[in-house]
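Student: Could you take me through this structure, setting each value against the definition behind it?

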Amino acid sequence: PGLPFRAVRVLADKARGRSGALALEEATLHVVLAATHAFDKGIVDTVVQDNVNPIDGVERSSLILASTVHRRPAADLIRPEHVLAARLRAPALFTPALEAAPAP
């Protein structure tokens with residue numbers, strides 16, 4: 001195993017010896033989330049047969065995820081010039097109750 005793996009192993013061993021408590025100074029935690037989006041039909045069929053823009057669904061899913069992770073209203077996560085268009089495509093994300101959510 002490489003050096004990063006060994007470093008994490010040493011930290012984990014120390015934390016176990018302290019009932020899981022280990023103070024870390026000058027540390028940064030990065031979290032990566034992966035998400036996929038499935039369509040009922042192929043993209044071409046969605047566009048041609050249903051006259052639906054598949055990007056709207058992906059955008060809505062991304063806004064839901066980002067809003068949840070950052071605990072911010074969707075409008076705060078979008079450039080101001082794009083908020084109106086996003087409101088028209090996904091009005092449920094811009095309800096007054098969701099927009100009034102407290103900031104962390």
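The exchange below takes up confidence, salt bridges and a surface patch.

Tutor: This is a predicted model, in which local features need pLDDT of at least 70 and side-chain atom pairs count only at pLDDT 80 or more, while totals for chains, interfaces and linings use all residues. Residues are numbered from 1 along each chain as its sequence is written, and side-chain values use heavy atoms, with hydrogens and water left out.

Student: Where is confidence lowest, and where is it highest?

Tutor: On pLDDT, the predictor's confidence in each residue from 0 to 100, helix H5 (residues 96–99) is lowest at a mean of 67, and helix H4 (residues 80–89) is highest at 93. Where pLDDT is low, the predicted coordinates should not be read in detail.

Student: What makes the contact of Asp50 and Lys41 a salt bridge?

Tutor: A salt bridge needs a side-chain nitrogen of Lys or Arg within 4 Å of a carboxyl oxygen of Asp or Glu; the N to O distance here is 3.0 Å, so the pair qualifies.

Student: Why is Asp50 called partly exposed?

Tutor: Buried means under 20% relative accessible area, exposed over 50%, and partly exposed in between (1.4 Å probe, protein chains only); Asp50 has 37%, and therefore counts as partly exposed.

Student: Why, then, is Val31 called exposed?

Tutor: Val31 has a relative accessible area of 62%, which is over 50%, so Val31 is exposed. Val31 lies in the loop between helix H1 (3–17) and helix H2 (43–48), and forms a nonpolar surface patch with Leu29, Leu33, Leu65 and Val69.

Definitions and conventions:
Patches are made of residues with over 30% relative accessible area and no salt bridge: like charges are joined within 9 Å, nonpolar side chains (Val, Leu, Ile, Met, Phe, Trp, Tyr) within 5 Å. Accessible areas come from the Shrake-Rupley method with a 1.4 Å probe; for residues, only the protein chains shown count as cover. Helices (H or I, at least four residues) and strands (E, at least two) are DSSP runs, numbered from the N terminus.
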